[in-house]
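Biologist: I am new to this structure and should be grateful for a close look at one part of it. Would you please describe how that part is put together?

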Amino acid sequence: MVEANPDYIWIDDDVRFGHKSIGYACFCDNCMDIFNKEFNTDYSRAELKKAFSEGKTDDKLVIRNLWLQHNRNTVNNLFAYIEHLVHTLNPEIKLGFMTGDRFFEGYDFNNWAQTLSGNNRTEVSWRPGGGFYTDEVNSGLAMKAHDIGRQVSVLPADMRCIESEIECFPYQRLKKGANIIALEAASYIASGCTGVAYNVLSFNNEDLDEYEPLLELLSKRRPFFDLIVQHLGRTPIKGIQTFWDKNSAVSGNIESGYWNGWPGLVSHELYNIGLPASYSNTNADVFILGKNNIYNLSSREIIGLLSKGVYMDVEALNLLNEKGYGEYTGFKVAGSRTDDCIERLTDHPLNGKFAGRERDTRQSFWDTPPISLKRRIRRLKFYLPNSTPPI
């Protein structure tokens, strides 16, 4: 490919762990040997599998984090080889990588981008994506936009060429309407991208005339796309963050069950009703916190989150209280009921003009008991100027 003298070479998103029937690889003899040498361990495959999924929670977190770092290193070593080969032959060629959510791989986009840049700091491009191939279920567009937002949030701040991939696989025009494709472009730019790559044309021997209406619409919409990029660029996105980080994969099925490498993200309807979404823990104003998120956080990180706006379920609240953060959560569970209840909004400034409104939550239908909460009386602690709070 280098000998063809292209302007850039994209590394495809199929460079990943776990696709189709392979599952969350790789545990071959060679990879096991590399892992044991990296961390001075001596695990067999059977022993490693057991360590991932059995025993104390803290022990499982340690070994899972080591494997996650091993996966990061594996991808990085591949990219270091590609970068060295390409830039030794032609230092002017730019490299790029196409991604999706890459939790089991360790989501190490920032470091991988630096590796692909090489010693000469050649410009690197990125193509964040995800699966939204047809417009049968349009909530998939919003889900992909959130996937892309996470991916962009961990890229280097100075990266400028971030092109979302719009994919219409299997490239049949009736599978996705032109208006939806145009909406995708705007949505993905709003999630942090600085451009769009259209993977929409057929690979087969067929008349391309049916693509003309699509190209005409995209040409008409392009000034709007350019305007968004011009005014937003790499501006950090603020709003509500469903908490995640590069280590989120380690907490899946952490209490019991087989570790499958998936993080168990909090998927919340608040993200899809128009409230602004944030994808960076640094820039979020409010955090939606799930129980699984808590396991891999330090005390400092937990207290930092609880010092801001947090929206959580009862499971997360109970775990935090059990871990000794009750004075920071401010609430504890007072009880539950099995009969149907009606929620009434209280006369509180947060509810504003909606105070007194009632909402039937139908616990008997959803088979979820209503929980009552009790406020804790918070005891304030004071420290001398030169002392350090115990966090």
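Modeller: The answer below concerns one sheet and the helix that packs on it.

The model is predicted, with local features needing pLDDT of at least 70 and side-chain atom pairs pLDDT 80 or more, while totals for chains, interfaces and linings use all residues. Residues are numbered from 1 along each chain as its sequence is written, and side-chain values use heavy atoms, without hydrogens and water.

The sheet is open and is built of 3 strands, with parallel pairing, in the order E6-E7-E8. Strands here are DSSP runs (E) of at least two residues and helices are runs (H or I) of at least four, numbered from the N terminus. At the edges lie strand E6 (239-242) and strand E8 (309-312), each of which pairs on one side only; pairing requires at least two DSSP bridges between two strands. From one strand to the next, the twist averages 25°.

Strand E7 covers residues 284-289, and E6 pairs with E7 in the parallel sense over 4 bridges. Gly239 stands opposite Ala284 in E7. In general, the strands of a sheet pair through backbone hydrogen bonds.

Helix H10 (residues 314-322) packs on this sheet and touches both E7 and E8, contact meaning heavy atoms within 4.5 Å. The direction of H10 makes about 115° with that of E8, where angles run from 0 to 180 degrees between N-to-C directions and axes are lines fitted to C-alpha atoms, for helices over the stretch in contact.
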